[in-house]
Amino acid sequence: MTTMSTESLSMTIDGAAATAVARFDVINPATGEPFDAAPECSREQLDAAMASAAAAFVDWRRDEPARRRALVTCADAITRHADELAQILTREQGKPLAKAAGELAGAAKWFTYTAKLEMPVEVALDNARVRVEVRRRPHGVVAAITPWNYPVSLAVWKIAPALLAGNTMVLKPSPFTPLATLRMGEILRDVLPSGVLNVVSGGDELGAWMTAHPTVRKISFTGSVATGKLVAAAAAPDLKRVTLELGGNDPAIVLPDVDVSLVAKRIFWGAFENCGQVCSAIKRVYVPESLYGPMLTELGELARGVQVGDGLDADSQMGPLNNRPQFERVQELVEDAKRAGGKVVAGGQRLGDRGYFFAPTIIGELQDGVRLVDEEQFGPVLPVVPYADLDDAVERANATHFGLSGSVWSSDVAKAEEVAGRLECGTAWVNQHLNVLPHAPFGGAKWSGIGVENGPWGLLGFTEIQTINVAKG
Ligand code: NAD
């Protein structure tokens, strides 16, 4: 096992290293012990980052071809440092090293894909009297705030389109996972002009300072619903633009015609990827009564077969939960489900006595109204809910404030598509879940978010429309 220390990691402000007076501990979730520390950004340093981003905006917005080239250079830089970044990511986040490497490869892919997106200029009207063009202008300084489940990729989903559109940025990772993002800032500082991408680290308070900062014109936030509402409220007095990517409680609805042995594995990994810590993971599965027994058995066997362990061990398929509050929340929801009559088919308790490991857990005999079904568990626990009538299952799937994604499973694809269209959510998958692509808009309905990321639609979220209306003659 590598025992490298990143304690010298610095924030990136105005293209240079900014060290801090104070540092805060970063815990390895596989041990529950601090293994490193990150800089605590002061208010003065945040002001300096904002001033630098504002100054850099003046030139950065002018040269679109240069911005495209810069994004490709960012992709190359990430690829060159992918092994080092993956090691840091696994140690602070917990995911298996191969998955961390996949996150880095995805980040590079997102940069190269975004570099090729068009910045559209549309003609609304062109007649004898006027020519009306609809153009896109950058906002200015973007405040980007990210969570701890996919620290690198969720940051790149913001950096790449924001920078291509001509904005500059101040980025803050979660205090649970600041290190890979800080290191990425150091790497990209060598390939981007000073001030274009500033990376700061600190606690939740730093996020609040950013959303209230007068320099910021756009906030791009990924995190929980509760914090998302605070961000929206903080943006309101200054009418800052916001994109909010928030939590989910994704339903999967299985139709009676599926081959259970075929779909169970995909449903399982749709729920348990990243130890269940995915905003759009399957968080409850509705199964017809006719298939309920076989589906519970299959899912239980899959859960018992997972190799859970330290992400740095090559044979680990699943790591620990990322942090103590989340670990305790998952335990609390499982205990509540047991009290409500849930039948634990697999797992149901923590693994070992060190770190935040929790056994992959399948719980049956639950109905809506139990916390594990109604709330976002964000962990390796899946409630399996029986249904008798498909329309009733769809109604229950939609009876929530969440609306991030969902999936429908059937051997009749047309039927599944029809049911998918009835789900009140931002993305509805058919016979798959979690297939998130750079090309496809991703965002939530209802409390799961405002706006989308990715594809041309995500890019436009980092722009404002400007209408140029020219009189002829
Ligand atoms: P969180 O809301 O606690 O924190 C997210 C970020 O917001 C962190 O960087 C945090 O420091 C910062 N923050 C906290 N208080 C703030 C405030 N008052 N003002 C500004 N920033 C503040 O979320 P989390 O626990 O880190 O992440 C898990 C949540 O994120 C889950 O609900 C998950 O579903 C959601 N998520 C959503 C998506 C998506 O794309 N929709 C993707 C990943 C995660």
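A polar contact here is a pair of N or O atoms within 3.5 Å; within protein, one of them must be able to donate a hydrogen and the other to accept it. Keep that in mind for the tour, and remember that the model on your screen is predicted.

**Stop 1: the two domains**

Start by colouring residues 11–245 as domain 1 and residues 250–437 as domain 2. Place a marker at the centre of each, taken over C-alpha atoms, and the two markers will be 31 Å apart.

**Stop 2: where the domains meet**

Now select the residues that touch across the boundary. You should find 23 residues of domain 1 in contact with 26 residues of domain 2. About 1,900 Å² of area is buried between the two domains, and carbon and sulfur atoms give 60% of that area.

Next, look for the polar links. Eight residue pairs, both at pLDDT 80 or more, are in polar contact between domain 1 and domain 2. On the domain 1 side, show helix H3 (82–93) and helix H4 (97–115), the elements that give two or more residues to the side touching domain 2. H3 provides the largest share of that side, with five residues. If you colour this side of domain 1 by class, it shows 11 nonpolar, eight polar and four charged residues.

How many salt bridges cross the interface of domain 1 and domain 2? The rule finds one. To see a salt bridge, select Lys99 and Glu273, whose closest N and O atoms are 3.1 Å apart.

**Stop 3: around the ligand**

Move on to the ligand and show its surroundings, made up of 29 residues. The closest are Asp204, Ser224, Thr227, Leu246 and Glu376.

Which residue has a polar side-chain atom 2.8 Å from an oxygen atom of the ligand? Select Lys172 to see it. Then turn on backbone atoms: Gly223 has a backbone N or O atom 3.2 Å from a ligand oxygen, while a polar backbone atom of Ala208 lies 3.4 Å from a ligand nitrogen.

Key: Residues are numbered from 1 along each chain as its sequence is written. This is a predicted model: local features need pLDDT of at least 70, side-chain atom pairs count only at pLDDT 80 or more; totals for chains, interfaces and linings use all residues. Side-chain values use heavy atoms; hydrogens and water are left out. Domain bounds come from an automatic or database domain assignment. Contact means heavy atoms within 4.5 Å. Buried area is the accessible area (1.4 Å probe) that two parts lose on being put together, summed over both. A salt bridge is a side-chain nitrogen of Lys or Arg within 4 Å of a carboxyl oxygen of Asp or Glu. Helices (H or I, at least four residues) and strands (E, at least two) are DSSP runs, numbered from the N terminus. Ala, Val, Leu, Ile, Met, Phe, Trp, Tyr, Cys and Pro count as nonpolar, Asp, Glu, Lys and Arg as charged, and the others, Gly among them, as polar. A residue is near a molecule or strand if one of its heavy atoms lies within 4 Å of it.
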